[in-house]
Amino acid sequence: MENLRLCESDYHFMTVIWDHEPLHSRELVELCASELGWKKPTTYTTLKKLCEKGFAQNIDTVVSSLVPREKVQTYASEHFVEHTFRGSLPGFLAAFLGGKTITEEEAAELKCLIDAHRED
């Protein structure tokens with residue numbers, strides 16, 4: 001899989017785009033000011049960087065994503081499990097749950113996910 005890693009600030013920036021796209025760059029500046037506390041130059045610098053990396057595009061001042069949020073989340077999740085738990089999904093789940101309990105509904109949803117992704 002290609003490198004879809006985003007640092008935390010870039011991920012928050014992309015979240016603004018994903019949540020509001022397509023949007024005019026001036027609207028992006030306003031949203032980044034209110035949601036991230038960023039100034040105009042920071043927004044435009046980050047937008048330029050993420051356009052160069054292929055995450056977003058700015059065509060005629062209309063900004064949109066080129067990479068879906070789900071694809072970035074999948075990459076980050078896989079990287080985290082691989083790096084932290086040597087690829088062990090059960091190890092990740094055990095650490096994540098850490099003695100917590102889950103509802104019957106959550107357990108059923110997890111079972112459905114597991115069944116849908118099980119190798120035959």
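# Close-up views

**View 1. The place of Pro22 is a loop.** Pro22 sits in the loop between helix H1 (8–20) and strand E1 (23–24). Helices (H or I, at least four residues) and strands (E, at least two) are DSSP runs, numbered from the N terminus. The model is predicted: local features need pLDDT of at least 70, side-chain atom pairs count only at pLDDT 80 or more, and totals for chains, interfaces and linings use all residues. Residues are numbered from 1 along each chain as its sequence is written, and side-chain values use heavy atoms, leaving out hydrogens and water. What is the peptide bond from Glu21 to Pro22, cis or trans? The bond is cis, with omega near -10°. Most peptide bonds are trans.

**View 2. Confidence along the chain.** pLDDT is the predictor's confidence in each residue, from 0 to 100. The chain has a mean pLDDT of 93. Of its residues, 98% reach 70 or more. Where is confidence lowest in the chain? Helix H5 (residues 89–97) is the place, at a mean of 89. E3 has the highest confidence, at 98.

**View 3. Three strands make an open sheet.** The order of the strands is E1-E3-E2, and the pairing is antiparallel. E1 and E2 stand at the edges. Each has a single partner strand, so one side of each is left without a neighbour in the sheet. Strands pair if DSSP finds at least two bridges between them. How many bridges join E2 to E3? Four bridges do so, and these strands run antiparallel. One pair to look for is Gln57 and its bridge partner in E3, Ser64.

**View 4. Asp60 and Thr61 in the loop between E2 and E3 have positive phi****.** Asp60 is found in the loop between strand E2 (56–59) and strand E3 (62–65). Thr61 is placed in the loop between E2 and E3 too. Most residues other than glycine have a negative phi. Asp60 is not a glycine, yet its phi is positive, at about 55°. Thr61 also has a positive phi, near 65°, and is a residue other than glycine. Asp60 is exposed, at 69% relative accessibility. Thr61 is partly exposed, at 42%. Here buried means under 20% relative accessible area, exposed over 50%, and partly exposed in between (1.4 Å probe, protein chains only).

**View 5. Lys49 and Asp10 form a salt bridge****.** Five salt bridges are found in a search of the whole structure. In this one, the side chains of Lys49 and Asp10 meet at 2.9 Å, N to O. Lys49 lies in helix H3 (residues 40–52) and Asp10 in helix H1, so the pair ties together parts that are 39 residues apart in sequence. Is Asp10 buried or exposed? Asp10 counts as buried, at 4% relative accessibility. Lys49 is partly exposed, with a relative accessible area of 32%. A salt bridge needs a side-chain nitrogen of Lys or Arg within 4 Å of a carboxyl oxygen of Asp or Glu. Side chains of opposite charge can pair when their charged atoms come close.

**View 6. Lys111, Asp115 and Arg118 are joined in one network****.** Lys111 forms a salt bridge with Asp115, and their closest N and O atoms are 2.8 Å apart. Lys111 and Asp115 are four residues apart in helix H6, which means that about one helical turn separates them. Asp115 also meets Arg118 in a salt bridge (3.2 Å, N to O). Salt bridges that share partners thus link Lys111, Asp115 and Arg118. Asp115 is partly exposed, at 34% relative accessibility. Arg118 is exposed, at 53%.

**View 7. A nonpolar patch lies on the surface****.** Which residues make the patch? They are Ile102, Leu110, Leu113 and Ile114. The patch covers about 340 Å². Leu113 belongs to helix H6 (residues 104–117). Its relative accessible area is 47%, so Leu113 is partly exposed. Patches take residues with over 30% relative accessible area and no salt bridge; like charges are joined within 9 Å, nonpolar side chains (Val, Leu, Ile, Met, Phe, Trp, Tyr) within 5 Å. Accessible areas come from the Shrake-Rupley method with a 1.4 Å probe; for residues, only the protein chains shown count as cover.

**View 8. Cysteines without disulfides.** The structure holds zero disulfides (pairs of cysteine sulfur atoms within 2.5 Å). How far from Cys7 is the nearest cysteine sulfur? That sulfur belongs to Cys32 and is 13 Å away. Cys7 is partly exposed, at 40% relative accessibility. Cys112 is exposed, with a relative accessible area of 53%.
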